[in-house]
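Subject: Structure handover

Hi,

Here is the structure for you to pick up. Please open it first, then read my notes below.

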Amino acid sequence: MAESPEARELVYLVTGGCGFLGEHVVRMLLQREPRLLELRVFDLHLGPWLEELKTGPVQVTAIQGDVTQAHEVAAAVAGAHVVIHTAGLVDVFGRASPETIYEVNVQGTKNVIEACVQTGTRFLVYTSSMEVVGPNIKGHPFYRGDEDTPYEAAHSHPYPCSKAQAEQLVLEANGREVHGGLPLVTCALRPTGIYGEGHQIMRDFYRQGLRLGGRLFRAIPASVEHGRVYVGNVAWMHVLAARELEQRAALMGGQVYFCYDDSPYKSYEDFNMEFLGPCGLRLVESRLLVPYWLLVLLAALNALLQWLLRPLFLYAPLLNPYTLAVANTTFTVSTDKAQRHFGYVPLFSWEDSRTRTIRWVQAMEGSAQ
Ligand SMILES: NC(=O)c1ccc[n+]([C@@H]2O[C@H](COP(=O)([O-])OP(=O)(O)OC[C@H]3O[C@@H](n4cnc5c(N)ncnc54)[C@H](O)[C@@H]3O)[C@@H](O)[C@H]2O)c1
Ligand SMILES: CC(C)CCC[C@@H](C)[C@H]1CC[C@H]2[C@@H]3[C@H](O)C=C4C[C@@H](O)CC[C@]4(C)[C@H]3CC[C@]12C
């Protein structure tokens, strides 16, 4: 006898659903959550691509809203079974003020939690970050660690500080009584550096390489490992975690999970070359040309210029003391906690992830291909 299709009855809300990760989560939910009845996509800026999703069997509701506005969040959350909170201000380049970063990342997360409590939504998955742990300001390496590896998480930059505070709020909210009397169940997912279709920084590196005549110059020693994870696998992990939170509330509630897959351990630049190489760029060894002390000096100069020029215009290059420290400190994870707790196995192999990302770079406007 053919299996009867599962009833469509669940309402999901994805905050930040039009961002790099958010779009992948939205598309993954539509493909892989058969019980979905309505999908609410909440974002400050709605993408035109949402329109094409509105013709399928799931009701896709686009909500233009701001997570810092408690009433807008509460209205969007009301009646949802599950919230996946990916909205955030990802800024390590000094584009936004520290106050704005806290307002969006911390106050925004408080608003999401309070909305769940007030309206009776029981399941909340939060997109945290590896940066909640490190690299720390002391530059200590974190070499293929897991969720229990001891590490001194000392931060000073507003972005990791805000993500750490928000994650803490989400974990503390686990077990709170929501409207209707049942407990809230929360968990936090911590991606390392996400890559894949739509990754703005990969786009920036590619364009920079084209401007430099097809070359990029190595700044970070090849021996420094930087954790990377494919966006499709991060999205899949969110979908699975959200699905399993109800059945495995006692095990998963209040837990953190690193996001991982089979992407190889490499330096930030060598990893990028896995995609940019096949698209015509090459990485020039430049250790003698650009010694590390010069990079530190350039990064400090960029920070000074940013401060001096701020009254006139925003100068926010990729290289600053913080990004240099992150790129130059080994931080990689090796864990199977998500598999043990909720059956996560990467949906995309490394080969798939690589091929998809290369195709996306090749399709970019102005591509060398
Ligand atoms: N990109 C990475 O490598 C990475 C790694 C680890 C964790 N994360 C986390 O993943 C999440 C998504 O990151 P991303 O890389 O997709 O960033 P992104 O900037 O592409 O997406 C963030 C989305 O949030 C929305 N947003 C921002 N402020 C908002 C507000 N006030 N109200 C409503 N929506 C708002 C933006 O419009 C955007 O669509 C973030 O929480 C980030 O901290 C990202
Ligand atoms: C030294 C320069 C030549 C290279 C600069 C690269 C730099 C812009 C990159 C390196 C590492 C990147 C971060 C890392 O992948 C992880 C995260 C966590 C996530 O929560 C937000 C993005 C962030 C901070 C990446 C930003 C870009 C970084 C610093």
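Ligand 1 is surrounded by 25 residues. Gly16, Gly19, Phe20, Leu21 and Gly88 are the closest. Bear in mind that this is a predicted model. Three elements give two or more residues to this shell: helix 1, helix 4 (98-119) and strand 8 (193-195). Helix 1 gives the most, with 3 residues. By class, the shell around ligand 1 has 11 nonpolar, 11 polar and 3 charged residues.

Next, ligand 2. Its shell holds 17 residues. The closest are Ser129, Gly193, Ala219, Thr323 and Ala327. Helix 11 (residues 321-327) supplies the largest share, 4 residues. The class split here is 12 nonpolar, 4 polar and 1 charged.

Now the helix packing. Helix 1 (residues 20-32) and helix 7 (residues 231-244) have axes that come within 8 Å. Those axes cross at roughly 60 degrees. That angle is why helix 1 counts as oblique to helix 7. The crossing of helix 1 past helix 7 is right-handed.

Which residues in helix 1 and helix 7 meet? From helix 1, they are Phe20, Leu21, His24, Val25, Met28, Leu29 and Arg32. From helix 7, they are Val231, Gly232, Val234, Ala235, Trp236, His238 and Val239. This contact of helix 1 with helix 7 has 10 nonpolar, 3 polar and 1 charged residues.

One link to check on screen: Phe20 and Leu21 are among the closest residues to ligand 1, and both also meet helix 7 from helix 1.

Best wishes

Terms used:
Residues are numbered from 1 along each chain as its sequence is written. Chains are lettered from A and ligands numbered from 1 in the order in which they are written. This is a predicted model: local features need pLDDT of at least 70, side-chain atom pairs count only at pLDDT 80 or more; totals for chains, interfaces and linings use all residues. A residue is near a molecule or strand if its C-beta atom, placed from the backbone, lies within 6 Å of it. Ala, Val, Leu, Ile, Met, Phe, Trp, Tyr, Cys and Pro count as nonpolar, Asp, Glu, Lys and Arg as charged, and the others, Gly among them, as polar. Axes are lines fitted to C-alpha atoms, for helices over the stretch in contact, and angles run from 0 to 180 degrees between N-to-C directions. Angles under 35 degrees count as roughly parallel, over 145 as roughly antiparallel, 65 to 115 as roughly perpendicular and the rest as oblique. A crossing is left-handed if the near helix is turned anticlockwise from the far one by less than a right angle, and right-handed if clockwise. Two residues are in contact if their C-beta atoms, placed from the backbone, lie within 7 Å.
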